[in-house]
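These entries record what I looked up, in the order in which I took up each topic.

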Amino acid sequence: MKNVLITGATGGIGSSILKLFYENSYNICVTGTNKNKLNEIEVNYKGKVKCISCNLSDDSQIENLVKESDEYYGSTDILINNAGITKDNLFLRMKEEEWNDVININLNSNFKLTKKILKGMIKSRWGRVVNISSDAAKIGNSGQANYVASKSAIEGLTRTIANEVASRGVTVNCVSPGFVDTEILETIDKKTLQSMVEKIPLGRMGRIDEIASAVYFLSLEESAYITGQVLHVNGGLTM
């Protein structure tokens, strides 16, 4: 069975991705910064999932993440770059710290971790990298210049890496969620939520399991002829 590393596994989408891979008997390492939630994962999955606390803005912790995951299951066959943060502000008010923090977590850590994991995939001549983008990269949400820039860059990085490693049996793709029903929606007023739903041709928010299913498909042998793509899972929000 293949080995999978999932970053940002304590959030809504990350936890759903974890659940799907677990149900299909993969060897799994997950990471996050919330130690309480990582402990809950270890309890809920009865020690069958290796949890590694990691702040992806810290190079030494990324090194340790790769080391611990390798010690647990050998090497990573499937990398899911799901971790991401937001620090919203209008562009003219955005502080350099807000810009740098989002770029470091959403983009720079993706580059660093993928580079380390890819070496093993190339050696074994098989691998899957699935990056999580966002429809914000296509829409350009107001107040999210840092987030949109990071996700747009992820899509470009995906296409470039896919081109470079395709001959080695490694595919690299993106899943780009639209509006998804997660905990963050609880902070949005009902009128705004209704306005968001009205923009979606299918007339509803997406579910986290629908995002997880797209990620899972791109990790399978059956997706071997798909690489360098951005799969939009958004109910038709962008076409």
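**Entry 1. Ser176.** I began with a polar contact: the side chain of Ser176 reaches the backbone oxygen of Ser134 at 3.2 Å. I worked on a predicted model. I located Ser176 in strand E6, whose residues are 170-177. I then asked whether Ser176 is buried or exposed. Its relative accessible area is 0%, so I entered Ser176 as buried, the limit being under 20%. Leaving aside neighbours within four places in sequence, I listed the contacts of Ser176 as Ser133, Ser134, Asp135, Glu155, Val230, Leu231, His232 and Val233. For Val233, I noted a C-alpha separation of 6.0 Å from Ser176, although the two residues are 57 apart along the chain.

**Entry 2. Asn173.** I stayed in strand E6, where Asn173 also lies. I recorded Asn173 as buried because its relative accessibility is 1%. Which backbone oxygen lies 3.0 Å from a polar atom of the Asn173 side chain? I found that it belongs to Ile226. Ile226 also appears among the contacts of Asn173 beyond four places in sequence, together with Val129, Val130, Asn131, Thr158, Leu218, Thr227, Gly228 and Gln229.

**Entry 3. Helix H8 and its cover.** I next examined helix H8, residues 208-217, and noted its buried residues: Ile211, Ala212, Ala214, Val215 and Tyr216. What covers these buried residues? I listed helix H1 (12-23), strand E4 (78-81), strand E5 (127-132), strand E6 and strand E7 (230-233) as included in the cover.

**Entry 4. H1 against H8.** I took up the packing of H1 on H8 and read an angle of about 55°, with the axes 8 Å apart. I therefore entered the two helices as oblique to each other. H1 passes H8 in a right-handed crossing. From H1, I noted Gly12, Ile13, Ser16, Ile17, Leu20 and Phe21, which meet Ile208, Asp209, Ile211, Ala212, Ser213, Val215 and Tyr216 of H8. By class, I recorded nine nonpolar, three polar and one charged residues in this contact.

**Entry 5. H3 against H4.** I then turned to helix H3 (residues 59-73) and helix H4 (residues 96-124), which pack at an angle of about 35° with their axes 10 Å apart. I entered their crossing as right-handed. The H3 side of the contact consists of Asp59, Ile62, Glu63, Leu65 and Val66, and the H4 side of Ser109, Lys112, Leu113, Lys116 and Ile117. I recorded the classes here as five nonpolar, one polar and four charged.

**Entry 6. Ser150.** I located Ser150 in helix H6, residues 145-165. Its relative accessible area is 0%, and I therefore listed Ser150 as buried. Beyond four places in sequence, I found Ser150 in contact with Val102, Ile103, Asn106 and Leu107.

**Entry 7. Positive phi values.** I closed with the backbone. Where is Ser25 placed? I found Ser25 in the loop between H1 and strand E2 (27-32). Ser25 has a positive phi of about 65°, although it is not a glycine. For Arg125, likewise a residue other than glycine, I read a positive phi near 60°. I placed Arg125 in the loop between H4 and E5. At 49% relative accessibility, I entered Arg125 as partly exposed, because exposed requires over 50%.

Terms used:
Residues are numbered from 1 along each chain as its sequence is written. This is a predicted model: local features need pLDDT of at least 70, side-chain atom pairs count only at pLDDT 80 or more; totals for chains, interfaces and linings use all residues. Side-chain values use heavy atoms; hydrogens and water are left out. Helices (H or I, at least four residues) and strands (E, at least two) are DSSP runs, numbered from the N terminus. Buried means under 20% relative accessible area, exposed over 50%, partly exposed in between (1.4 Å probe, protein chains only). A polar contact is a pair of N or O atoms within 3.5 Å; within protein, one must be able to donate a hydrogen and the other to accept it, and residues adjacent in sequence count only if both atoms are side-chain atoms. Contact means heavy atoms within 4.5 Å. Axes are lines fitted to C-alpha atoms, for helices over the stretch in contact, and angles run from 0 to 180 degrees between N-to-C directions. Angles under 35 degrees count as roughly parallel, over 145 as roughly antiparallel, 65 to 115 as roughly perpendicular and the rest as oblique. A crossing is left-handed if the near helix is turned anticlockwise from the far one by less than a right angle, and right-handed if clockwise. Ala, Val, Leu, Ile, Met, Phe, Trp, Tyr, Cys and Pro count as nonpolar, Asp, Glu, Lys and Arg as charged, and the others, Gly among them, as polar.
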